Amino acid sequence: MRFEDNTKPITGEFHINIYRRGKAIDKIEGHNLVVDVGRKRLAQLAAGKVSNYSESYITHIGVGSGSTAEDIGDTELEGQQLFPLTSVEVNGRDVQCNFYIASDEAVGLSIREFGLFCSDGTMFSHRVRQGVIEKLEDIEIRGYWILHF
């Protein structure tokens, strides 16, 4: 008898809503790339080879201004700024990371890329957009990132 593993690779969905002065002005959805350092972090966790588990969890959303397409070797964002996640939920094999970037955060940044990061700064996944979000004082970003394991 042949064993067949039908497990899909780790994938992700990226969802954000952009608000100006509290009013929704844009909605963006897409997929992401789980980068090599993120996959290595999962392997270390599975093997119990992480010295400090509290530094190994996904805890932050990152924004940056880079426009180069995602690559599995990515480790940071251009002009990177990190913000704590507002909450994390587990539903079966899915993890949903919820985030909020307030109007007074990342002001002046031309946001083209997003990332999920562990508390020690290790990038887990990366998303680069075609368009740009000009982060002004009256812009808020709310969203969630679902990882499918």
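Contact here means heavy atoms within 4.5 Å. The model is predicted, so local features need pLDDT of at least 70 and side-chain atom pairs count only at pLDDT 80 or more, while totals for chains, interfaces and linings use all residues. Residues are numbered from 1 along each chain as its sequence is written, and side-chain values use heavy atoms, with hydrogens and water left out.

Select histidine 126. This residue lies in strand β9, residues 123-134 (strands are DSSP runs of E, at least two residues, numbered from the N terminus). Histidine 126 is buried because its relative accessibility is 2% (buried means under 20% relative accessible area, exposed over 50%, with a 1.4 Å probe and protein chains only).

Add aspartate 74 to the selection. Its side chain and that of histidine 126 form a polar contact of 2.7 Å (a pair of N or O atoms within 3.5 Å; within protein, one must be able to donate a hydrogen and the other to accept it, and residues adjacent in sequence count only if both atoms are side-chain atoms). Leaving out residues up to four places away in sequence, the contacts of histidine 126 also include Asn32, Glu70, Phe114 and Trp145.

Next, look at backbone angles. Most residues other than glycine have a negative phi.

Go to arginine 21, in the loop between β1 (11-20) and β2 (23-31). Arginine 21 is not a glycine, yet its phi is positive, about 50°. With a relative accessible area of 68%, arginine 21 is exposed.

Finish at alanine 106, in the loop between β7 (94-101) and β8 (110-118). Its phi is also positive, near 60°. Alanine 106 is buried, at 6% relative accessible area.

Notes: Helix = DSSP H or I, 4+ residues; strand = E, 2+ residues; numbered from the N terminus.
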